[in-house]
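Okay, hi everyone, thanks for making time for this. Could we get the structure up on the screen, please?

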Amino acid sequence: MPKMKCKGAVKKRFKLTASGELKRGRANHSHILTKKNAKRKRRLRQTTLVDANDLKRIKKLIPGA
């Protein structure tokens, strides 16, 4: 049986933590940064965990998870 393939887009955007949760980057930090204040831009640099409602759906796209 062939190896199960992983979705490339998901592989690039999410990292699996040791406890089985998924880390993701925050949106809105790629362009049009002049109108966003410094506190907001600092907060957008941080990673966060994927919400529990979306976790099952995203984990399906990563066979090793």
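Let's start in the loop between strand 2, residues 22-25, and helix 2, which is where N28 sits. Keep in mind that what you're looking at is a predicted model. What is the phi of N28? About 70°, so to speak on the positive side, and N28 is not a glycine. If you're new to this, here's the background: most residues other than glycine have a negative phi. How open is N28 to the outside? It counts as exposed, at 51% relative accessibility.

Now stay with that loop, the one between strand 2 and helix 2, and find I32. I32 isn't a glycine either, and its phi is positive too, near 55°. I32 is partly exposed, with a relative accessible area of 46%.

Okay, let's walk out of the loop and into helix 2, which covers residues 38-45. What does helix 2 give the most to? The answer is a positive patch on the surface, made by R24, R26, K39, R40, R42, R43 and R45. Helix 2 supplies five residues, the most that any element gives to this patch. Take R45 as one of the patch residues. You'll find R45 in helix 2, and R45 is exposed, with a relative accessible area of 57%. To join a patch, a residue needs over 30% relative accessible area, so R45, at 57%, passes that cut-off.

Let's zoom out for a minute. How many helices and strands does the protein chain have? Three helices and three strands. If you trace the protein chain from the N terminus, the order of elements is α-β-β-α-β-α.

And what about the overall shape? A compact globule of 65 residues would come in near 11 Å for the radius of gyration, but the protein chain here has 15 Å. You can picture that with a box: along the principal axes, the C-alpha atoms fill roughly 50 × 20 × 20 Å. What share of the 65 residues is buried? In the protein chain, 14% of them are.

Next up, helix 3, residues 52-59. The side chains of R57 and D54 meet there in a salt bridge, at 3.1 Å from N to O. The count of salt bridges comes to one. Why do these two line up along the helix? R57 and D54 are three residues apart in helix 3, so they are separated by about one helical turn. As for the surface, R57 counts as exposed, at 52% relative accessibility, while D54 is partly exposed, with a relative accessible area of 28%.

Right after helix 3 we get to the segment that holds K60. K60 is exposed, with a relative accessible area of 68%. Try this one: how far apart in space are K60 and A38? Along the sequence they are 22 residues apart, and in space it's 36 Å, C-alpha to C-alpha.

Let's jump to the other end, to the segment before helix 1, with helix 1 being residues 8-13. K3 is in that segment, and K3 counts as exposed at 78% relative accessibility. From K3 to S19 it's 16 residues in sequence and 25 Å in space, again C-alpha to C-alpha.

C6 also belongs to the segment before helix 1. C6 is partly exposed, with a relative accessible area of 28%. Between C6 and A27 there are 23 Å in space, C-alpha to C-alpha, for a separation of 21 residues in sequence.

One last pair. Where is L49? In strand 3, which runs over residues 47-49. L49 is partly exposed, with a relative accessible area of 38%. Now look across to F14: L49 and F14 are 35 residues apart in sequence, and their C-alpha atoms are 9.4 Å apart in space.

So, to take away: remember the positive patch with helix 2 as its main contributor, the salt bridge between R57 and D54, and the positive phi at N28 and at I32. That's it from me, and I'm happy to take questions.

How values were computed. Residues are numbered from 1 along each chain as its sequence is written. This is a predicted model: local features need pLDDT of at least 70, side-chain atom pairs count only at pLDDT 80 or more; totals for chains, interfaces and linings use all residues. Side-chain values use heavy atoms; hydrogens and water are left out. Patches are made of residues with over 30% relative accessible area and no salt bridge: like charges are joined within 9 Å, nonpolar side chains (Val, Leu, Ile, Met, Phe, Trp, Tyr) within 5 Å. Accessible areas come from the Shrake-Rupley method with a 1.4 Å probe; for residues, only the protein chains shown count as cover. A salt bridge is a side-chain nitrogen of Lys or Arg within 4 Å of a carboxyl oxygen of Asp or Glu. Lys and Arg count as positive and Asp and Glu as negative; His and the chain ends are not counted. The place of a charge is taken as NZ of Lys, CZ of Arg, CG of Asp or CD of Glu. Helices (H or I, at least four residues) and strands (E, at least two) are DSSP runs, numbered from the N terminus. Buried means under 20% relative accessible area, exposed over 50%, partly exposed in between (1.4 Å probe, protein chains only). The radius of gyration is taken over C-alpha atoms; the globule rule is 2.2 Å times the number of residues to the power 0.38.
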